[in-house]
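Open your viewer and keep the selection panel handy. We will take a short tour, one stop at a time.

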Amino acid sequence: MKDEASRAPRAPHMRRLEPAAIGGVMSREVANFRTFWKATTFSSVLEPVIYLLAFGLGLGATLVDRVDGLDYVEYVGTGMVATAVIFSSALPAMFGTFVKERFQRTYDAILAAPVDVEELVTAEMLWIGLRSGFYGCFPLLVSMLFGLDPAPGMLVVPFFCFFTALGFAAFGIAVAASVAKIDQFNYVTTLFITPLFLVAGTFFPIDQLPKGVQIASLLNPLHHLVELVRDACFGFESTDLLRVAFLVVFAVSLWRLAVNRMEKRLID
Amino acid sequence: MKRFGPITAVDGLDLEVPKGICLGLLGPNGAGKSTTMRMLTGQAVANEGRITVMGHELPGDSKEARALMGVVPQLDNLDVDVTVEDNLAVFARLYRVKDVRAAVDRGLALARLEGRRRDPVDQLSGGMRRRLLLARGLTHDPPLLLLDEPTVGLDPQIRTELWSLIDALRTKGTTILMSTHYIEEAERLADEVALMAHGKIISRGKPAELVSEHAGRETAEVYAPPDRLAEVRANAEAQGLKVRPAGPAIAIVGSEKATDGAVPPEAIRRAASLEDVFVLLTGEEAE
């Protein structure tokens, strides 16, 4: 099909990953977020409080005293940052992407505008990353009420959360682009998300576990985030650079996977 | 050409849309209209063939092409929790409009929703949402507009209202490609109609030309019991007249050429219509 208007206006050449396209998609997320931020923020604040009361005070007062030289409340409180990150990135990415793609047909509308799948996925990841970078700090703030001392290293925690959340957002998008029905998310949460957040060193140390689990946990981005956050609070170590590098590699490779899966899903 | 596994949805489609007209892509459900629309926005990639939109070759330059196009989808995909003005603002940004605020005001005026700008979309009526959907596709004032079944599933009253909006755009000189399976919609709005079936264009022209070429001047409709209809049909076909089903009746197309009582006296004679052409050519008679 052609439009044979020879003097038709021509659009300027467009590049990949244009900030204007990415910003436009993110502005849609912001507009939607304004309608439900209260509920999200409510649970982000209250969830760590409940966990700290249950684990930190419950377990800490009765069974566990100190772990790795830390008060159990401090141990769990700093570890909870990773839990907050995965629950504010992977799950919203999975459900949000599926709902927008399948039920609301939002992506159909966006892709009819000059926006590519790559820009769409990147924008969704960035927005979730920013949100998680913010919400990831709540457990630390709550822990301070329970006695955690502020430290200058804590200022980099939002960045650690951001990079980790990018990877998990991409993971969620790739999952949503791969499943046929929303019920199949159950397999993913049970097989991946639950073990990842339980065996990350949040509630108990990894180094007491069998060797195989310890090695496997080196592949768990949440474990690296947990260690980074604790080191940000109590003193960095040289291995932390490797942990950051791992999180960046995780985010970049999942980004490419998510773009690829979404192209397959959205372009016939 | 576009295949989905064993199904060929668009097959050897050859279509040019001249600048400044409204071309109606008229065809039954499953004719390949929506797939054609999706190919123009790069959301479906043709397996074979060439597609050019305003000088931009697809799929390579599809982003540039999309910048010049407004798209109004068949299914409402507005953000329902978000306000009317934010729905417009987001798309103004996606279309790289410089002055977003001015584009929003233009869209509100076009959709006649100035008084509802801060209301969430789910508080709007069906007709308002449809007007907003149209305005959203026009935030960047595009020279080309794709309308995919613009009034499907709407009340007759809302449909008429939307038609006048589309007609105003056509008058303004916007090139419009509109897919529809409503014959009346094509008759009212389209300067030219391309009839599509089984992924191909089977006929194209101005509605009046299509009617006179394929259906002649007059059609006679006969309402009678089935036995009588079969008899009338046999008579008319014996004279080489085309007969098509018309719900409970039959329609003898080109009845002005009939002689010797091929058209029974009880028949209702009326001017030939695009519907006659549509049914004759697409074979969508579902007997």
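## First stop: a histidine in chain A

Select A:His224 and look past its neighbours within four places in sequence: A:His224 is then in contact with A:Arg243, A:Phe246 and A:Leu247. Bear in mind as you go that this is a predicted model.

Now colour helix α10 of chain A, residues 221-234, and you will find that A:His224 belongs to it. Is A:His224 buried or exposed? A:His224 counts as buried, because it has 26 C-beta neighbours inside 10 Å, and 20 or more are enough for that label.

Keep A:His224 selected and add A:Ala82. The two are 142 residues apart in sequence, yet their C-alpha atoms are 9.1 Å apart in space.

## Second stop: chain B as a whole

Switch to chain B and show it as a cartoon. You should be able to pick out ten helices and 14 strands. Along the principal axes, the C-alpha atoms of chain B fill a box of roughly 70 × 45 × 35 Å.

Chain B has 287 residues, and 47% of them count as buried. If you draw the contacts in chain B between residues at least 6 apart in sequence, 67% of these join residues at least 24 apart.

## Third stop: a pair of strands

Select residues 69-72 of chain B, which form strand β6. B:Met69 and B:Val71 point one way from this strand, while B:Gly70 and B:Val72 point the other way. Which of these four are buried? All of them are.

Next add residues 144-148 of chain B, strand β7. β6(B) and β7(B) pair in the parallel sense, over four bridges. To find your bearings between the two, look for B:Val72, which stands opposite B:Leu147 in β7(B).

## Fourth stop: a helix and the glycine after it

Move on to helix α9 of chain B, residues 226-238. Put a distance label between its end C-alpha atoms and you should read 18 Å. That agrees with the expected span, because 13 residues at 1.5 Å a residue should also give 18 Å. After α9(B) comes B:Gly240, with a positive phi near 80°.

## Last stop: where the chains meet

Finally, show both chains. Here 42 residues of chain B are in contact with 34 residues of chain A. On the chain B side, α1 (33-40), β4 (51-53), α2 (62-67) and α3 (84-94) each supply at least two residues. Which element gives the most? It is α3(B), with five residues. Colour this side of chain B by residue class to see 23 nonpolar, eight polar and eleven charged residues.

Terms used:
Residues numbered from 1 in each chain as written. Chains lettered and ligands numbered in written order. Predicted model: local features only at pLDDT ≥ 70, side-chain atom pairs only at ≥ 80, totals over all residues. Buried ≥ 20, exposed ≤ 12 C-beta atoms within 10 Å, placed from the backbone. Pairing = 2+ DSSP bridges. Contact = placed C-beta atoms within 7 Å. Expected span 1.5 Å × (residues − 1). Nonpolar A, V, L, I, M, F, W, Y, C, P; charged D, E, K, R; others polar.
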